[in-house]
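Biologist: I am new to reading structures, and I keep meeting words that sound like verdicts. Could you show me how each one is reached?

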Amino acid sequence: MFTLTTVLGEIMVETSVAQVSLEKQLIKGSEIDSTFKYELVKLSGSERILSCFQCGTCTSDCPVARYNGSYQPRTLIRMAILGLKECVLKSDTLWLCAACFVCTDRCPQDIEVASVIRVFRNLAVENNCLPQVFRDQLEAVLETGYAYRISELRMKKRELQNLPPLPKGNAENIYKILKGIKIVEETQKIKGDRTHVKHQ
Ligand code: SF4
Ligand code: SF4
């Protein structure tokens, strides 16, 4: 058994049982994808990821990390380089990035950190790791033209206060723009199947 110490904490690799312990989370050796970093260097936006020397500038200057300590772009990058593909793609914090590009401007290694996060998100969608909340939002957009469904109760309250009805979203046009995108087509199908069941 040998021990490595990284900025993420202690990583223990026990060669006999091939187990890795990372931030109290047990990860089997078989879950490490050592090819992930090579996949990333080929993708537009994350080409320079291997130059990361873990200085932490991206995290310390990130406005989201300032308010939510669980979001650390540096940690996500480290995890990706270590091959923890599934942990990165299933990370809830991945979706907190506000795409403000401060990290990209400040990285001393010229890594496009914000673009790396975008690449992670795209891969998360491709690998079926999109959180349900965003699936619901997409379904709402395709159904109503709005990211959030406006409840009947809210409409009634507006009526009672003599407020005009809210403008209708143009879901049809939105679909025309997004047509062909895999997740959009999948969501459209789920929506269609649900409507079909409702009318049976
Ligand atoms: S600022 Fe750049 S080099 Fe420093 S930790 Fe972030 S990505 Fe890595
Ligand atoms: S782009 Fe995302 S990761 Fe980078 S500083 Fe802004 S919120 Fe943080």
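Modeller: Happily! Keep in mind that this is a predicted model. Let's begin with two helices: α8 (residues 132–144) and α10 (residues 171–178) pack with their axes 6 Å apart, at an angle of about 120°.

Biologist: What makes α8 oblique to α10?

Modeller: Roughly perpendicular covers 65 to 115 degrees, and roughly antiparallel needs over 145. The angle here is about 120°, and that makes α8 oblique to α10.

Biologist: Which residues make the contact?

Modeller: From α8 they are V141, L142, E143 and T144, and from α10 they are A171, I174 and Y175. By class, the contact has 5 nonpolar residues, 1 polar and 1 charged.

Biologist: E172 also catches my eye. Where is E172 placed, and why does it count as exposed?

Modeller: E172 is in helix α10. A residue is exposed if 12 or fewer other C-beta atoms lie within 10 Å of its own. E172 has 9 such neighbours, so it counts as exposed. Its C-alpha atom is 9.8 Å from that of V141, although the two are 31 residues apart along the chain.

Biologist: How do you know that the length of α8 fits a helix of 13 residues?

Modeller: At 1.5 Å a residue, 18 Å is expected, and α8 reaches 18 Å from its first C-alpha to its last. Just after α8 comes G145, with a positive phi of about 90°.

Biologist: What about the length of helix α7 (residues 113–126)?

Modeller: The reasoning is similar. α7 has 14 residues and should span 20 Å, and its end C-alpha atoms are 20 Å apart, so the two values agree. Just after α7, N128 has a positive phi of about 60°.

Biologist: Which residues of α7 are called buried, and what do they pack against?

Modeller: Buried means 20 or more other C-beta atoms within 10 Å. In α7, that word applies to V113, A114, S115, V116, I117, F120 and L123. The buried residues of α7 pack against α2, α4, α5 (85–89) and α6 (102–106).

Biologist: Why do you say that helix α9 (residues 152–160) lies largely in the open?

Modeller: We count the buried residues. Among the 9 residues of α9 the number buried is 0, so the helix lies largely in the open. N162, just after α9, takes a positive phi of about 55°.

Biologist: Now the ligands. What surrounds ligand 2?

Modeller: There are 14 residues around ligand 2, and the closest are C62, C97, C100, C103 and A114. Helices α3 (63–67), α6 and α7 each give two or more residues to this shell. The most come from α7, with 3 residues. By class, the shell around ligand 2 has 14 nonpolar residues, no polar ones and no charged ones.

Biologist: And which residues come nearest to ligand 1?

Modeller: Of the 14 residues around ligand 1, the nearest are C52, C55, T57, C58 and C107. At least two residues of the shell come from each of α2 (57–61) and α4 (73–82). This shell divides into 9 nonpolar, 4 polar and 1 charged.

Biologist: Why is Q54 called partly exposed?

Modeller: Q54 has 16 other C-beta atoms within 10 Å. That falls between the exposed limit of 12 or fewer and the buried limit of 20 or more, so Q54 is partly exposed. Q54 is in the loop between α1 (36–41) and α2.

Biologist: What makes the phi of Q54 worth a remark?

Modeller: Most residues other than glycine have a negative phi. Q54 is not a glycine, yet its phi is positive, about 60°. F101, also a residue other than glycine, has a positive phi near 70°.

Biologist: Where is F101, and is it buried or exposed?

Modeller: F101 is in the loop between α5 and α6. Its 12 C-beta neighbours inside 10 Å put F101 at the limit of 12 or fewer, so F101 counts as exposed.

Biologist: One last residue: why does P108 count as exposed?

Modeller: P108 has 10 C-beta neighbours inside 10 Å, so it counts as exposed. P108 lies in the loop between α6 and α7. Beyond its neighbours within four places in sequence, P108 is in contact with C55 and T57. P108 and T57 are 51 residues apart in sequence, with their C-alpha atoms 8.1 Å apart.

Note on methods
Residues are numbered from 1 along each chain as its sequence is written. Chains are lettered from A and ligands numbered from 1 in the order in which they are written. This is a predicted model: local features need pLDDT of at least 70, side-chain atom pairs count only at pLDDT 80 or more; totals for chains, interfaces and linings use all residues. Axes are lines fitted to C-alpha atoms, for helices over the stretch in contact, and angles run from 0 to 180 degrees between N-to-C directions. Helices (H or I, at least four residues) and strands (E, at least two) are DSSP runs, numbered from the N terminus. Angles under 35 degrees count as roughly parallel, over 145 as roughly antiparallel, 65 to 115 as roughly perpendicular and the rest as oblique. Two residues are in contact if their C-beta atoms, placed from the backbone, lie within 7 Å. Ala, Val, Leu, Ile, Met, Phe, Trp, Tyr, Cys and Pro count as nonpolar, Asp, Glu, Lys and Arg as charged, and the others, Gly among them, as polar. A residue is near a molecule or strand if its C-beta atom, placed from the backbone, lies within 6 Å of it. The expected span of a helix is 1.5 Å times one less than its number of residues.
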